[in-house]
Amino acid sequence: KQSDVPKNKETHTGSLIEQLTTEKYECMVCCEVVRIVAPVWSCQNCYHVFHLNCIKKWARSPASQAEDGNSGWRCPACQNASTQVPTTYTCFCGKVNNPEWNRNEIPHSCGELCGKRRQCLDCPHLCNILCHPGPCPSCPAFVTKTCECGRTSHSVRCGQSTAIRCSNVCGNTLNCGKHSCTQVCHAGKCTPCQLVVQQVCYCGSNFKDVLCGTKEEFSDGFGNFSCQKICGKKLNCGRHNCTQVCHPQPCQLCPRLPQVVYRCPCGQTPLSKLLELGCIERKLCTDPIPSCGKTCGKPLSCGSYEFVHTCESLCHEGDCRPCSRTSNIYCRCGFKKKCCVFLKSHVLFSLLTAAITFMCDKRCNKKRSCGRHKCNEICCVDTEHKCSLVCGRKLNCGLHRCEEPCHRGSCQTCWQTSFDELTCYCGESVIYPPVPCGTQPPECKRTCTRPHECDHPVYHSCHSEEKCPPCTYLTQKWCMGKHEVSPTMQFLPENNWSFFSFSKWRSKCSASYTFSKLCFLHQMKFPCPFFRIAAISIATKLTDLQLGDSVEISRLITKKEMKQARLQCDEECLALQRNRRLAEALQIDDNSDPFNVRSSGPKYSDLLKEDARKDLKFVSDIEKEMRMLVEAVNKGKHTKKSHCYPPMNRDHRRIIHELAQVYGIESVSYDNEPKRNVVITAVKGKSVCPSNTLTSVLDKEMQSRPPPPIPHYKQTDKSIGNNGLPKSLKEEPVIDYFDVQD
């Protein structure tokens, strides 16, 4: 028995027998060796062998289910779907359950003849080797087969799929039934006859060439096809021609023959009655048909279903005359109507015999099926209003456009696919093909490897954007006034960049600058002004900062802006200059203060006084709030106290800033217009209340001011302005460093 079984390693069956016998075959489910005594199951499609318990677990798992969900479970090897889950251990041929292992037999076989039908359909013989794994070998029997044309026969191997062809001509009758096949012995039906024959129409006026055997080729004795023209053959009377379209049957009798016509032309009176009244009897078809003299009464095509128009002429031969009545005829969409009389002058009489319709000029305003475009058809009768335009919207990939007809809802996903690997910039993360169009590069957790402008450590991950985010490494830098060194950072590209950056700048430099007026007589101390000067120019660079670019502030401060940073002289400066020149002439020491300049209390600028006179209540409330804030911080435990004013206009904010200088209070403006407001901060030991408030100073000036004199002179010095100041000093622009956006 063992010698009858093929063991060649080159065959599938021989390889399976050797691997199962030597216990070198592995189960694809558990990846363990299949023992000779272990229960197994073999797929009848790919012949792979699995452990019975493994295939049971696989068949019940969700991963094994077919895609449609109704075809059962899939084989792990060939993906062939099966509906039944194996439950018993059988031999390879399926005859014996739980076969016992025999050293002289193939493992998991019954040792009997296989007896299974072979895969080839032409073989009627059963497999005649012992029970075995794998496919059954080819049938060894020989049978006699005929060639394709059936004229010769040959002896071949059973189940051989190769067709047998001889060298003889086929000779079978073709589809036309007239000619024979001239091809050499071939498989299948013979090709149709390729001979060309000439056919004539029924009326005999037209010819055409067709293949022999087609339906048009068959004739009924009068011709082969209709040319759709008027027949024109002579009728049996020999005087009139046939008016029918080219037809296969013989032409009809002449419709004017005496034996055919029995009534008058209108059809109301028989000719027999007219003959009794003395009419001449007709002998030939050319003789006129007697008229009864009544109204014709034939219905015309211009009427409607409710009101039928009839011919008003007397009984006559031939076509009726045009209608003389009026009738409303609606356009095809039913929006407009016209009368029959109007149509008579525009259309031919022959058109009145057909259904009369016309088109109005109204354009349809209904939406098409897409919901985006209007119909715009003239005299529209469509009910669905389908859109014939191409959608053209961008797909989810952002690269291609929708080529479907215009539709409602979202477009389908882009169907284009790339078969190249999609990687991140460094190549660490990969998405393997197929990659749908529009897929973003994969995320990568490795540090960015792109070249950077600075040599600081990189803290951001690998990214697909071409531009790297700004460097976030902390560096030691001087403040813009060169007063102190503090850690700083480049601008971040988030939405809160301005708050983060400017909050750093506000608390960065605590030094103060001493500003002198042009006369060098008065000096005032201010916080480091470089931030405020640069902030005016930084506002113009807002777009670049939001995109992640850095801005060098020192380059934004021009010489003109530094010149404008100087304090401007006023009337008080001019008075001091005159007093100083007078003291020098009289040799009076400056320290003696003869004019009581230094002990005159706080100084309020003329501009501040002028603005305060316009709104005394506002200035009084501001000073009251500032005095309360200064007293609270000087008496309390805290070193600083702040107060936030509501949003106000630019002039009111400027008043608060100038009053804050007098009280030694810090003031900063926040937010954008129209919600821009001022926050003041009193510092313990620095902020003090002046002896004279602005409102009290204004009251004293009002009481001591004499009535304005009437001028009796003409001003001759063109260089002096109306207020006594040089024009160059008055016209010099002044920058408000306390309100950077005003």
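These exercises work through cavities, a surface patch and salt bridges in a predicted model.

**Exercise 1. Find how many cavities of 30 Å³ or more there are, and describe the second largest.**

Step 1. Take the count. There are two cavities of 30 Å³ or more.

Step 2. Take the volume. The second largest cavity has about 30 Å³.

Step 3. List the lining. Ser42, Gln44, Tyr47 and Phe92 line this second largest cavity, along with Lys116, His132, Pro133 and Gly134.

Step 4. Sort the lining by class. Three residues are nonpolar, four are polar and one is charged.

**Exercise 2. Identify the residues of the nonpolar surface patch and place Leu582.**

Step 1. Name the members. Leu582, Leu586 and Ile588 form the patch.

Step 2. Give the area. Together these residues have about 250 Å² of accessible area.

Step 3. Locate Leu582. This residue is found in helix α9, residues 571-585.

Step 4. Check the exposure of Leu582. Its relative accessible area is 42%. Patch residues need over 30%, so Leu582, at 42%, passes that cut-off. Leu582 counts as partly exposed.

**Exercise 3. Describe the salt bridge between Asp621 and Lys617.**

Step 1. Start with the total. The structure holds nine salt bridges.

Step 2. Take the distance. The closest N and O atoms of Asp621 and Lys617 are 3.3 Å apart. The cut-off is within 4 Å, so this pair qualifies.

Step 3. Place the pair. Both residues lie in helix α11, residues 616-635. They are four residues apart, about one turn of the helix.

Step 4. Compare exposure. Asp621 is partly exposed at 39%, whereas Lys617 is exposed at 60%.

**Exercise 4. Work out where the partners Glu673 and Arg653 lie, and whether each is buried or partly exposed.**

Step 1. Take the contact. The side chains of Glu673 and Arg653 meet in a salt bridge of 2.7 Å, N to O.

Step 2. Place each end. Glu673 sits in the loop between β20 (666-670) and β21 (677-683), and Arg653 in helix α12, residues 650-663. The two are 20 residues apart, and the pair links distant parts of the chain.

Step 3. Read the exposure. Glu673 is partly exposed, at 45%. Arg653 is buried, at 0%.

**Exercise 5. Trace the network that includes Arg654 and Glu658.**

Step 1. Begin with the pair. Glu658 and Arg654 form a salt bridge of 3.9 Å, N to O.

Step 2. Place both. They lie in helix α12, four residues apart, about one turn of the helix.

Step 3. Check Arg654. Its relative accessible area is 19%. Buried means under 20%, so Arg654 is buried.

Step 4. Extend the network. Salt bridges with shared partners join Asp611, Asp651, Arg654 and Glu658 into one network.

Methods
Residues numbered from 1 in each chain as written. Predicted model: local features only at pLDDT ≥ 70, side-chain atom pairs only at ≥ 80, totals over all residues. Heavy atoms only, no water. 1 Å grid on protein atoms, 1.4 Å probe; cavity = no way out; pocket = protein on both sides within 12 Å on 5 of 7 lines; lining within 4 Å. Points joined across faces, edges and corners; volume = space filled by probe spheres on them. Nonpolar A, V, L, I, M, F, W, Y, C, P; charged D, E, K, R; others polar. Patch = residues over 30% accessible without salt bridge, like charges linked within 9 Å, V, L, I, M, F, W, Y side chains within 5 Å. Areas by Shrake-Rupley, 256 points an atom, 1.4 Å probe, with all protein chains shown as cover. Buried < 20%, exposed > 50% of the residue type's maximum accessible area, 1.4 Å probe, protein only.
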